Amino acid sequence: MTAPRLDLNLVRVFVTIYEARSVTRAAERLALTQPTLSHALARLREVYGDPLFRRKATGLVPTGMGEQLYQRFSQALAGIDSTLESRQRFNPAQSARRFRIAMSDVGTLFFTAALLRQIQSHAPKVEIDIEKIGEQVVEDLALGRIDAVIGNQPGLLATTSSLPLFHERYVCVMSVDHPTIGEKLTLEKFVAARHIMVMTPTRGNQLIDEALAQRKLARKVVARVPHFMNLPDLLDHTDLLVQMPDRVAQTYVREGRVKALPLPVAVPEFEVRVYWHVRNESSRAHKWLVEQVTTALGTDSPHR
């Protein structure tokens, strides 16, 4: 018996449907009609003898076979695309390519606007998907599920290429009318105060607590929150303190309800970088993307 043939177009259709969780959205991304993609999906189902996706209220959900195929197809497709990109010209003014960039919650809040302004001014047809950095970020980069990562991710240095964007430090933020702290924050007042802790995956909290532990001291944490959003509302007209990166703090300071003071303990600065897979070193499109990121967010950026 002759094994059924599977052309590259079917592979690309499957991967796009998997990532979009919708035939309609996948058709838009591929600039094809919905009936064309439905026909391609029907062919795939026939070849593998499996529905591949099941329709749920949230969209198309892959079956077990669909999950297995995606792992293999996405890796193969990423390898094929990388060989083609090294030979193709990339014209950002005309390209309708979609780039996927992973960031933390705080990165999404404070980097997205500047990055979109930069990219849209040079490539109005390019699409940008911003995603949260996941636990499998190394695999996501390797398989081409994301094109770049922006943030403080020292664990990626050994497996990716990267460029520094800027150095950052932690500061202490509080209400502008804090009842006991004026324009200087002493270690005594810092330890005596009540703190909100933002539970981020970075090492910021660990660094602060380690610096205090060296002096046999500790913060009085009275609340833990999952992200930096709405912190001015939590701090306004209270005696609470919170530690956060200085660039985030200055955004809130400009609103006029909070102030930011240097920490009374020495905490190492950290470095924000842009990371990408070494496979994309020869890709002109990825090189252009990294250039846009460094221009928009780097130390010398006009947006900073």
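This is a dialogue on reading pockets, cavities, burial and strand pairing in a predicted model.

Colleague: Start with open space. How much space lies in the largest pocket?

Modeller: A pocket is an open set of grid points with protein around it. Here the largest pocket holds about 1,100 Å³. Its lining counts 45 residues. The closest to the centre are Ser104, Val106, Gly107, Asn152 and Thr202.

Colleague: Which elements each supply at least two residues of that lining?

Modeller: Read the lining by element, then by residue. Three strands do so: S5 (148-151), S6 (161-168) and S12 (270-276). So do the helices H5 (105-122), H8 (204-213) and H10 (246-253). H5 gives the most, with 8 residues.

Colleague: How do the lining residues of the largest pocket divide by character?

Modeller: Sort them into three classes. The lining has 21 nonpolar, 13 polar and 11 charged residues.

Colleague: Now closed space. How many cavities of 30 Å³ or more does the structure hold?

Modeller: A cavity differs from a pocket in that the probe fits but cannot get out. This structure holds 1 of 30 Å³ or more. The largest cavity has about 70 Å³ of space.

Colleague: Which residues line the largest cavity?

Modeller: Among them are Tyr170, Val198, Thr200, Phe228 and Ile208. Gln243, Met244 and Pro245 also take part. H8 and strand S10 (240-245) are the elements that give two or more residues. By character, the lining has 6 nonpolar, 5 polar and no charged residues. Thr202 lines this cavity, and Thr202 is also among the residues closest to the centre of the largest pocket.

Colleague: S10 keeps coming up. How many of its residues are buried?

Modeller: Count residue by residue along the strand. In S10, 6 of 6 residues are buried, and the strand is mostly covered.

Colleague: In which sense do S7 and S10 run, parallel or antiparallel?

Modeller: Check the bridges and the direction together. S7 and S10 are antiparallel, joined by 5 bridges. Val171 has Met244 of S10 as its bridge partner. Strand S8 (residues 194-198) also pairs with S10, but in the parallel sense, over 3 bridges. There, Ile196 stands opposite Val242.

Colleague: Take one residue of S7 (residues 170-175), Cys172. Why does Cys172 count as buried?

Modeller: Compare the relative accessibility with the cut-off. Buried means under 20%. Cys172 is at 0%, so Cys172 counts as buried. Its contacts, leaving aside neighbours within four places in sequence, include Leu241, Val242 and Gln243. Others among them are Leu185, Phe190, Lys259 and Ala260. For scale, the C-alpha atoms of Cys172 and Gln71 are separated by 44 Å, at 101 residues apart along the chain.

Colleague: Now Tyr275, in strand S12. Which backbone nitrogen lies 3.0 Å from a polar atom of its side chain?

Modeller: For a buried residue, look at what its polar atoms face. The nitrogen belongs to Gln153. Tyr275 itself is at 1% relative accessibility, so Tyr275 counts as buried. Sequence separation is another check. Tyr275 and Asp105 are 170 residues apart along the chain, with C-alpha atoms 17 Å apart.

Colleague: One last residue, His277. Where does His277 lie?

Modeller: Place the residue first, then read its accessibility. His277 is in the loop between S12 and helix H11 (284-297).

Colleague: Is His277 buried or exposed?

Modeller: His277 is buried, because its relative accessible area is 17% and the cut-off is under 20%. Beyond neighbours within four places in sequence, His277 is in contact with Leu141 and Ala142.

Technical notes
Residues are numbered from 1 along each chain as its sequence is written. This is a predicted model: local features need pLDDT of at least 70, side-chain atom pairs count only at pLDDT 80 or more; totals for chains, interfaces and linings use all residues. Side-chain values use heavy atoms; hydrogens and water are left out. On a 1 Å grid over the protein atoms alone, a cavity is a set of points where a 1.4 Å probe fits but cannot get out, and a pocket is an open set with protein on both sides within 12 Å along at least five of seven lines; lining residues have an atom within 4 Å of a point. Grid points are joined across faces, edges and corners, and a volume is the space filled by probe spheres set on the points. Helices (H or I, at least four residues) and strands (E, at least two) are DSSP runs, numbered from the N terminus. Ala, Val, Leu, Ile, Met, Phe, Trp, Tyr, Cys and Pro count as nonpolar, Asp, Glu, Lys and Arg as charged, and the others, Gly among them, as polar. Buried means under 20% relative accessible area, exposed over 50%, partly exposed in between (1.4 Å probe, protein chains only). Contact means heavy atoms within 4.5 Å. A polar contact is a pair of N or O atoms within 3.5 Å; within protein, one must be able to donate a hydrogen and the other to accept it, and residues adjacent in sequence count only if both atoms are side-chain atoms. Two strands pair if DSSP finds at least two bridges between them.
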